[in-house]
Each structure stands twice: as structure tokens, then as C-alpha cells.
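Got the viewer open? Let's walk through this one stop by stop, selecting as we go.

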Amino acid sequence: MPAQSAATEQPLAGGTDLPVLEGKGIERAFGSLRVLRGLDLAIRQGEALVVFGPNGAGKSTLLRILAGLMRPTAGTVAVMGNPVRSHEPETRRPIGLLSHQTLLYDDLTPLENLMFAARLYGLSDPKRRALAALEALEVSGRALDPMRQLSRGTVQRVAIARSLLHDPSIVLLDEPFTGLDVVGAELFRGVLAGELERGRAIVLVTHQLAEVWELATHIGVLLGGRWALHEARPPKLSDFLPRYGELLRG
Amino acid sequence: MASWIRLAWLIAAKDLRVELRSKTALLSSLVFAALVLVVFNFARDASLVSSTVLAPSVLWITIAFAAVIALNRAFNLERENASMSGLLLAPISRGVIYVGKFLANLAFVAAVELVTLPLFVLFFNVDIWDSLGGLLGVMALASIGFVAVGTIFSAMVVKTRFAELMLPVLLLPFMVPPLIGAVQVTTRLLSGRPLSEMLGWLRLLAVYDVVFVTLCVMVFPALVDE
């Protein structure tokens, strides 16, 4: 896979050489089913790796391993040069995760959810931080409503706010545009662009190529637990789509 | 250490707030406890078995089963939106999560016990005033032990398909030692026996608490890591 090494060894202009997130030889098996088969990746400051692939390709498993929520069967994951280990809590601090599910409590309000998260991360002035995060996603008007009363799109905005609340160095996003309307999606793209400008690194898993094409600095296509493609983003989506189609058709 | 306790209390306070909003487990446990006491009250023949002999067993059986209902909710509420992942991702030790859950469960079981006790007095007509302090003490001592074990089993079974059935099956055998100890001490308390007759059982309860709380804090991280 020559494309893989090209992508992982060439930092973007403006990025530092030290990867914010680095995975080497990541493998994961569930019994006899091998979901990931020796993945390498390295993301530097200001880079956004967008991972595409069919259902069951191992994208969500990869994100859970990168977040330290699942142990790889083989291989290592390091954030800011430190291996992510479950018994070393501080190694998880630089990681922000937006998963398939919201990680929120339905019986609490958005403000209570975010204040709880802020306190878990030991942030100073949790209420101010929580309100600021909700404000950035334009949901501060619903801060005191129970989560159960919010629409899917609003809940997704709160979930996004939670994932970015503690200023993570690396943001892992699994299908982040789920439930967002056009306005919400545009707002979120703006937030992500801002995070990249501030030097955050992003790994984003999605099926919606067009939504994130302009944000991506690198793209990866995961097929059968391996990189079928892993390279700097081509300039035009229209140039990439035929190749992607070919890859999916095998 | 202060930060450890503060974070554990933060998780416990969140659980209590969520439960006070939904009231699902608390109400179920309280109604269940009341129903069990009513059934026992009408099922017994007071002319054959005196209240003092029967009452301690009934009290602890009621508390044990009501507690299982309360313990089931501990990790179920973390499953709803995969919020357990949010806890596991936070820069806090896994042990803090366990202690937070344990404290919340202890508060729930204490609430169930505090409601069950007056109902127990009402239905069984036993005088607990002289032994109230001792009774509350043995309730605390026994509850710490089985809530510690119940919390870990609750975390263990939450991912299984029949979590609500699995928890009592796994937990009840482990509840036997603290329940026996609690029944023995309660019987002696209600009969006005001296403390020296209860010391052995109280030691058993204390040792059970220390051993299982320590063991559960140590085992929990391995349990939640995938």
C-alpha cells in the first residue's frame, strides 16, 4: 500500500512533525472475525483524516480503539506521543469523541450534561464552559430543557458540544452529521474548520463524502479492515468518486 | 485522594439526580418492598410463630430483593445513550467510576431501607425503639457488603440480553453471608440480647465489607475494558 506510507509520513504545511495521534499495526479481532488488519495512521496538528468505507469495514471499531475505549488485539495507539492506556487516565484527556450515540443522559438538561462532563475533566468554571460550548453550537436557548424534549438535530448539537467541551487535541467523530439539518450541518462544518485552524486534529468517519470533502486534508478508505486507500485529499470530489466506486466494487 | 472522592461523589450525585427525575427504580423498589411485607403479614400465622422470630428474616428478605431491583438500574442508565463510554473516556480512574456507582446504589438501598423499616414495624408490630441505633448500624454494615458486590455484578450483566434476570441469579449467592449475619444480629437486637452475642456476626459483616469493597474496586477496571 504505497499510498498509506505517503500519507502518514508527509505532514501538512504548518503542522508539526510530532503526530497528535499515531497508530501502528492496529489489529482487532472478535473471536475468529478479524475486523482490523494492521492499520497504520498518523495525524498531525491541523490535519483532518476522513475515513470512508462500506458498512462493516471496521470504521467505528477503529474510532473506539483510537479513543482508548477498546484494546487492539495487536498494535499501539499513542496520543501526543503517549500510549493510550486504560489505567493511565491522563492519556485520555486530549481525546474528544462523538460516537454513534450521544453519550448524554436523557433525564438531565443540556447544561447539566455538559457541566457534568466539564467537572469530569476538571475544567474551571464548568457552567461558563458548558454555556460557551452550547452557544458555539447555537443551542444555548435550550440549555435548561430536558434532553428528552429536544429534537434529534438539537441533541446532536449538544453531543457535538460535549465532545469539544474540554478543547481536545484530537477529535474523533463517528457520523457526526446524523440528524443535523442543512443549517446545523453548515454550522458544524464551520466549527470543525475553526478547530482545524486552531491546530486540532480530526479523524472523521462518514458515508457522506460531500459533507466533509472540503474539510478533509487526508482521506482513507477502509475495506475489510485494511486501508484500500490512504492519502492526501485529491482536489476534487468528482475525481475521487470513480476511484472510490471502483474500490468498493473490488 | 480528595479529587478521587470529589469525582466519585460527582458520579453518584449525577446518578441520584437522574433517578430522582425518573423515579423508576426507586418507586419500583419501594412498592415491591411494601408488597412483600403485606404478603408476609397475611401469609404468617401469628399464633404459631412469634413476630420476633420471623420478623428479622422477613425484613432482610424484603430488603435484599428490593435492593436487587435498585441495583439493576445502576449501569442500565449508562447504556441508554452509551454514556458509559463518556465516563470511560474521561481522564478519571476506573475505580472512581465504581465508587461513584457504589455510593449512588448505597443511597438508593438506604432509601429503600428507611421506608421499609417503618412499614415493617407497622405490619409486624415489633418494638424497635430500644434497638433502633443498632438496627440502623447493622443495616449500614450489611448493605455496604451486598451493594459492593451488586454494583460489580450490575456492571457485569448490563451487556447481556437478560440483565435483569442475570443479576439476582449471580448476586443472591453472594448475598447469603451478609444476609445471614444481618438476620442473626437483628434477631438478637430485637430480643434485647447483649452486644457480646452479636460481635462474631458483626465481625463477619465488617470483614465481608472490607474484602468485597477492596476486591470490587480492583476488579472493576478489568470488567469495563473491552
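Start with the open sheet in chain A whose six strands run in the order β6-β7-β8-β3-β9-β10, with mixed pairing. Keep in mind throughout that this is a predicted model. Color β6 (95-98) and β10 of chain A: these are the edge strands, and each has a single partner, so one side of each is left without a neighbour in the sheet. Look across the strands and you'll see a gentle turn from one to the next: neighbours are rotated by 15° against each other on average, ignoring direction.

**Next stop: β9**

Select residues 218-223 of chain A, which make up strand β9. Is this strand enclosed or not? Five of its six residues are buried, so β9(A) is largely enclosed by the rest of the structure.

Now bring in a partner, strand β3 (residues 48-52) of chain A, which runs parallel to β9(A) and is joined to it by four bridges. To see the pairing residue by residue, show A:Leu49, whose bridge partner in β9(A) is A:His218. Then show A:Phe52, which is bridged to A:Val221 of β9(A).

For another partner, select residues 226-232 of chain A, strand β10, which pairs with β9(A) over six bridges in the antiparallel sense. One bridge to pick out links A:Gly220 to A:His230 in β10(A). Follow the backbone from β9(A) to β10(A) and you trace a hairpin with two residues between the strands. Click on A:Gly224 in that turn: its phi is positive, at about 55°.

**Zoom in on A:Ala228**

Stay on β10 of chain A and select A:Ala228, which lies in that strand. How many other C-beta atoms are within 10 Å of A:Ala228? There are 21. A residue counts as buried from 20 upward, so A:Ala228 is buried.

Who's around it? Setting aside residues up to four places away in sequence, A:Ala228 touches A:Val221, A:Leu223 and A:Leu247. While you're here, draw a distance from its C-alpha atom to that of A:Leu248: the two are separated by 9.3 Å and sit 20 residues apart along the chain.

**Over to the other end of the sheet order**

Select helix α5 (residues 152-164) of chain A, which lies across β6 and β7 (170-174) of chain A. Compare directions and you'll find α5(A) running at about 170° to β6(A).

Then pick A:Leu172. Which residues is A:Leu172 in contact with, beyond its neighbours within four places in sequence? They are A:Leu63, A:Leu66, A:Ala67, A:Ile95, A:Gly96, A:Leu97 and A:Val203.

A:Leu172 also belongs to the largest nonpolar core, a set of 144 residues. The members that touch the most others are A:Leu114, A:Ala161, A:Leu172, A:Val203 and B:Ala67. Highlight helix α3 (residues 51-79) of chain B too, because its 15 residues are the largest share of this core.

**The second sheet**

Back in chain A, find the open sheet of four strands, ordered β2-β1-β4-β5 with antiparallel pairing. Its edges are β2 (33-43) and β5 (82-83) of chain A, each of which pairs on one side only. Select strand β1 (residues 21-30) of chain A and you'll see it joined to β2(A) by eight bridges, antiparallel. Among those pairs, A:Glu27 is bridged to A:Arg37 in β2(A).

Now add helix α2 (residues 59-66) of chain A, which packs on this sheet and touches β1, β2 and β4 (74-79) of chain A. Its direction makes about 125° with that of β1(A).

**Where the two chains touch**

Show both chains together. The contact takes 26 residues from chain A and 23 from chain B. On the chain B side, the elements giving two or more residues are α1 (2-22) and α4 (83-89) of chain B. Which gives the most? That's α1(B), with seven residues. Color this side by class and you get 10 nonpolar, six polar and seven charged residues.

**Zoom out**

Finish with chain A as a whole: eight helices and 10 strands. Its C-alpha atoms fill a box of roughly 50 × 40 × 40 Å along the principal axes. A compact globule of 250 residues would have a radius of gyration near 18 Å, and chain A agrees, at 18 Å. Buried residues make up 47% of the chain's 250. Of the contacts in chain A with a separation of 6 or more, 69% are between residues 24 or more positions apart.

How values were computed
Residues are numbered from 1 along each chain as its sequence is written. Chains are lettered from A and ligands numbered from 1 in the order in which they are written. This is a predicted model: local features need pLDDT of at least 70, side-chain atom pairs count only at pLDDT 80 or more; totals for chains, interfaces and linings use all residues. A residue is buried if 20 or more other C-beta atoms lie within 10 Å of its own, exposed if 12 or fewer, and partly exposed in between; C-beta atoms are placed from the backbone. Two strands pair if DSSP finds at least two bridges between them. The radius of gyration is taken over C-alpha atoms; the globule rule is 2.2 Å times the number of residues to the power 0.38. Two residues are in contact if their C-beta atoms, placed from the backbone, lie within 7 Å. Ala, Val, Leu, Ile, Met, Phe, Trp, Tyr, Cys and Pro count as nonpolar, Asp, Glu, Lys and Arg as charged, and the others, Gly among them, as polar. Axes are lines fitted to C-alpha atoms, for helices over the stretch in contact, and angles run from 0 to 180 degrees between N-to-C directions. A nonpolar core is a set of buried Ala, Val, Leu, Ile, Met, Phe, Trp, Tyr and Cys residues joined through C-beta atoms within 7 Å.
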